[in-house]
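Please read this report with the sequence and the three-dimensional view side by side. The headings below follow the topics in turn.

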Amino acid sequence: MPFAIRMHRTGGPEVMCWEELAVADPAPGEARVRHHAVGLNYIDIYHRSGLYPLQLPNGLGLEAAGVVEAVGAGVSELRPGDRVAYAGGPVGAYSQIRCLPANRLLKLPDAIDFRTAAAMMLQGLTSAYLLRRTYRVQAGDSVLIHAAAGGVGLIACQWAKALGATVIGTVSTAAKAALAAAHGCDHVIDYTREDFARRVREITVGEGVAVVYDGVGKDTFAGSLDSLRTCGMLVSFGNASGPVPPFDPLLLSQKGSLFLTRPTLMHYTAKREDLLALGAQLFDVVGSGQVKIEVNQTYPLAEVAQAHRDLEGRKHSGSTILLP
């Protein structure tokens, strides 16, 4: 019988259990996939801790790559043997085998292996909607990307640079600064040592950036607003340092008629055609070599608790995968 990580209560990494879990034949509209690699993402910690509530007991994980073993009635786009990857709900990617809706699966190009796919789907599709939909980055834009050496950060920085933007990234260590600089950042700021908003103003000669992509949350929110040009946009897409506290929307007016959005991948890929379009853009930019996927940490899936501890401790750079 296959194994999976299951969670019966919320809390720290210790709540994740390695359990046998029966997997049925796929229902109509589903496919059964044997995972070859599973992605690790910060949203998994939000689910585990209860910040983003799940009905319990439940699995964890939103991203994996593998091979289709069987398909249910009504599935015409896939067949057994297809190499596929996915990102987004339903949760349960921390498993050896699972069934899931076939319309959430994307066929992998031959040039992309399972480990690369598992490392890039959630972070890459996130980068795709951030850069091409939420705020469509244009050549000549100045952009600020927080956590530039993280999984989303390394992809987004390379992609923004390929689009012709001036890319400013923030990091927390000298080693991460070097990594960000090697992956598309024109300017790197260590926000543990510098006032990043002041430095952004210096870099942009007082104007500010067109957009800030902020997956950090509480610790960077105020400075992100102060980094924007008039009518600029703050895209708050994560809470790595904790949720942003309540604030008066009048502040957006006072700081330059700013825009604020809190998007999620789920909404940007709810329609099959949108998922296919974003997937195609991601596969193209990776396949062209403009964006390189860095798998810098690998753990056995059964040892995912340590992977969570290391991620929360900011010991990771680039992408992390779990091997079933």
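What follows is a description of a predicted model, from its domains down to single residues.

## Domains and annotation

The domain assignment divides the protein into domain 1, made of residues 3–122 + 266–322, and domain 2, made of residues 135–262. Taken over C-alpha atoms, the centres of the two domains are separated by 27 Å, and where the domains meet, 18 residues of domain 1 are in contact with 19 residues of domain 2.

An unreviewed UniProt entry lists residues 11–322 under the heading "domain: Enoyl reductase (ER)". Over residues 11–322 the chain is 31% helix and 26% strand, and the C-alpha atoms at the two ends of this stretch are 20 Å apart.

## Nonpolar cores

The largest nonpolar core has 57 residues, and M121 and Y213 are the ones with the most contacts inside it. Helix α2, which covers residues 114–134, supplies the largest share of this core, with 12 residues. Because domain 1 and domain 2 both give residues to this core, it lies between them.

Leaving out residues up to four places away in sequence, Y213 touches L130, L131, Y135, V137, L144, I145, H146, V235 and F237. Apart from the core that includes Y213 lies another, of 28 residues, among them M7, A31, V38 and L322. In soluble globular proteins, nonpolar side chains tend to be buried together.

## Buried residues in three helices

A160 lies in helix α3, residues 151–162, and counts as buried because its relative accessible area is 0%, against a cut-off of under 20%. Once neighbours within four places in sequence are left aside, A160 is in contact with L131, V143, I145, A165 and V167. A160 and D186 are 26 residues apart in sequence, while their C-alpha atoms are 11 Å apart in space.

Q123 is found in helix α2 and is likewise buried, with a relative accessible area of 8%. Not counting residues up to four places away in sequence, Q123 touches L40, N41, E63, G151, V152, I155 and S319. H308, placed in helix α10 (residues 304–312), is buried at 0% relative accessibility; with the residues up to four places away again not counted, H308 touches P13, M16, L40, D44, I45, R48 and Y94. L40 is thus among the residues touched by Q123 and also among those touched by H308.

## Pocket and cavity

The second largest pocket has a volume of about 240 Å³ and is lined by 18 residues, of which R6, L21, V91, G92 and R98 lie nearest its centre. The elements that give two or more residues to the lining of this pocket are β1 (3–7), β4 (58–59) and β7 (97–101).

For enclosed space, the count comes to 1 cavity of 30 Å³ or more, and about 40 Å³ of space lies in the largest cavity. The lining of the largest cavity is formed by G151, L154, I155, Q158, K292, I293, E294, G318 and S319, with helix α3 giving the largest share, 4 residues. Among these lining residues, G151, I155 and S319 also appear in the list of residues that Q123 touches.

## Backbone features to inspect

A cis peptide bond joins L56 and P57, with omega at about -5 degrees. P57 is found in the loop between α1 (42–49) and β4, and β4 is itself one of the elements that give two or more residues to the lining of the second largest pocket.

Which residues other than glycine have a positive phi, V205 being one and C231 another? V205 has a phi of about 55 degrees, and its place is in the loop between α5 (196–203) and β12 (209–214), where V205 is exposed because its relative accessible area of 74% is over 50%. For C231, phi is near 65 degrees; this residue lies in strand β13 (residues 228–236) and is partly exposed, with a relative accessible area of 46%.

Note on methods: Residues are numbered from 1 along each chain as its sequence is written. This is a predicted model: local features need pLDDT of at least 70, side-chain atom pairs count only at pLDDT 80 or more; totals for chains, interfaces and linings use all residues. Side-chain values use heavy atoms; hydrogens and water are left out. A nonpolar core is a set of buried Ala, Val, Leu, Ile, Met, Phe, Trp, Tyr and Cys residues joined through side-chain atoms within 4.5 Å. Buried means under 20% relative accessible area, exposed over 50%, partly exposed in between (1.4 Å probe, protein chains only). Domain bounds come from an automatic or database domain assignment. Contact means heavy atoms within 4.5 Å. UniProt positions are given in the numbering used here, feature names are shortened, and annotations may be inferred rather than shown by experiment. On a 1 Å grid over the protein atoms alone, a cavity is a set of points where a 1.4 Å probe fits but cannot get out, and a pocket is an open set with protein on both sides within 12 Å along at least five of seven lines; lining residues have an atom within 4 Å of a point. Grid points are joined across faces, edges and corners, and a volume is the space filled by probe spheres set on the points.
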